[in-house]
Structure formats: structure tokens, C-alpha cells
Amino acid sequence: EYVLSLGEKQEIKMGKIVKMSLSPHYMNPKQVYLAILQEDRELIVAQSDLELGRATQFQVIEDIPSYMTWCGEDAVAFVYPDKISIVGPDTPSAQFYIDSSKGMYCKTEIDGIRILTSSTLFF
């Protein structure tokens, strides 16, 4: 077991980390966030400098994704072989099922996410 220390304000007990992703810093490089997915499928989102003492914990992940990326600047996208699950700060998760037998690639954009399959481009 590990402890993520966020300055003097908060400490979070953590298990094994399986995925991490840094948010884009389009508007303000001082507000870059770090999404940490643990083996127990708990997601933690904290400011990347870990000094300001703010983090949010979610327990919304059903399976470990193939990879994770950011959707805009404040939501995390979990990419599975046949769907994308997006978790935001103030809303429940949204799921999008994508017919992509040959896989898909997701790219973070300033205001969303671009999804590319072998036959379609979504935004």
C-alpha cells in the first residue's frame, strides 16, 4: 500500500497503479491534472504538482481499459476494444459503443476527443 501525499491538506492510500495520464495544458499550464487508475479500478484525479492538496476519487471503472486519455481538459476517457467510457468532474460517466473490429485510436482535443477507427472519424 502506498500513500499519495498532497501537501499538508490530504493523503490518499493507494494500491498498485496500472494507468496514468496527464491532462493537456492548453489554457493554463499551471492547472495540469494527473489521472491515476489503480488495480482495484479506482480512479484518482489530482493536480499534477501534488502540492495544492486537491484530489478527487471516483469508483466508476468497470474493467481496466486498454488505455486512458483525456477528453478536453476535465474529463478522462477509458478506451476499451468496443467502447469508450468518459468520466467528468460533475457528471456521471457516459458510454459510447463503437463498432471497430480493427481497433480504434483516441486523441485528446482542447474541447473533446477525436476517435479514429478503420472506417470512421468521430469528434
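E109 is a buried residue, with a relative accessible area of 17%. That puts E109 under the 20% cut-off, so the label "buried" applies. Keep in mind that this is a predicted model.

**The E109 network**

What does E109 pair with? One partner is K107, and the closest N and O atoms of that salt bridge are 3.9 Å apart. Another is R114, where the closest N and O atoms are 3.1 Å apart. Put together, K107, E109 and R114 make up a linked network of salt bridges. Neither basic residue is buried: K107 comes out as partly exposed, with a relative accessible area of 40%, and R114 is partly exposed too, at 31%. As general background, side chains of opposite charge can pair when their charged atoms come close.

**The other salt bridge**

How many salt bridges turn up when the whole structure is searched? The search finds three. Besides the pairs around E109, there is a salt bridge between the side chains of K83 and E62, with an N to O distance of 2.2 Å. K83 sits in strand 9 (residues 83-87), while E62 is in the loop between strand 6 (55-58) and strand 7, so this pair ties together parts that are 21 residues apart in sequence. K83 counts as buried, at 7% relative accessibility, whereas E62 counts as partly exposed, at 37%.

Here are the salt bridges side by side.

| Salt bridge | N to O distance |
|---|---|
| K83 and E62 | 2.2 Å |
| K107 and E109 | 3.9 Å |
| E109 and R114 | 3.1 Å |

K83 has another neighbour worth a look: K83 lies over the face of Y80, at 5.2 Å from the ring centre. As for rings pairing with rings, the count of aromatic pairs is zero.

**Around T69 and S21**

Now to strand 7, which spans residues 67-71 and contains T69. Is T69 buried or exposed? At 12% relative accessibility, T69 counts as buried, since the cut-off for that label is 20%. The side chain of T69 makes a polar contact of 2.8 Å with the side chain of T108. Setting aside residues up to four places away in sequence, T69 touches S21, A75, V76, A77, C106, T108 and I113. So T108 shows up both as a polar partner of T69 and in the wider list of residues T69 touches.

S21 takes us to strand 3 (residues 17-22). Like T69, S21 is buried, and its relative accessible area is 11%. Which residues does S21 contact, leaving aside its neighbours within four places in sequence? They are Y33, L34, A35, M68, T69 and W70. Of these, M68, T69 and W70 fall within the residue range of strand 7.

**The chain as a whole**

Zooming out, the protein chain has zero helices and 13 strands, and the pattern along the sequence reads β-β-β-β-β-β-β-β-β-β-β-β-β. The chain has 123 residues, and 41% of them count as buried; T69, S21, K83 and E109 are among the buried ones. Looking at contacts between residues at least 6 apart in sequence, 34% join residues at least 24 apart. On the outside, the chain exposes about 7,500 Å², with carbon and sulfur atoms supplying 51% of that area.

How values were computed:
Residues numbered from 1 in each chain as written. Predicted model: local features only at pLDDT ≥ 70, side-chain atom pairs only at ≥ 80, totals over all residues. Heavy atoms only, no water. Helix = DSSP H or I, 4+ residues; strand = E, 2+ residues; numbered from the N terminus. Buried < 20%, exposed > 50% of the residue type's maximum accessible area, 1.4 Å probe, protein only. Polar contact = N/O pair within 3.5 Å; in protein donor to acceptor, adjacent residues only side chain to side chain. Contact = heavy atoms within 4.5 Å. Salt bridge = Lys/Arg side-chain N within 4 Å of Asp/Glu carboxyl O. Phe/Tyr/Trp six-rings, centres within 6.5 Å; stacked < 30°, edge-to-face > 60°. Lys NZ or Arg CZ within 6 Å of the ring centre and 35° of its normal. Areas by Shrake-Rupley, 256 points an atom, 1.4 Å probe, with all protein chains shown as cover.
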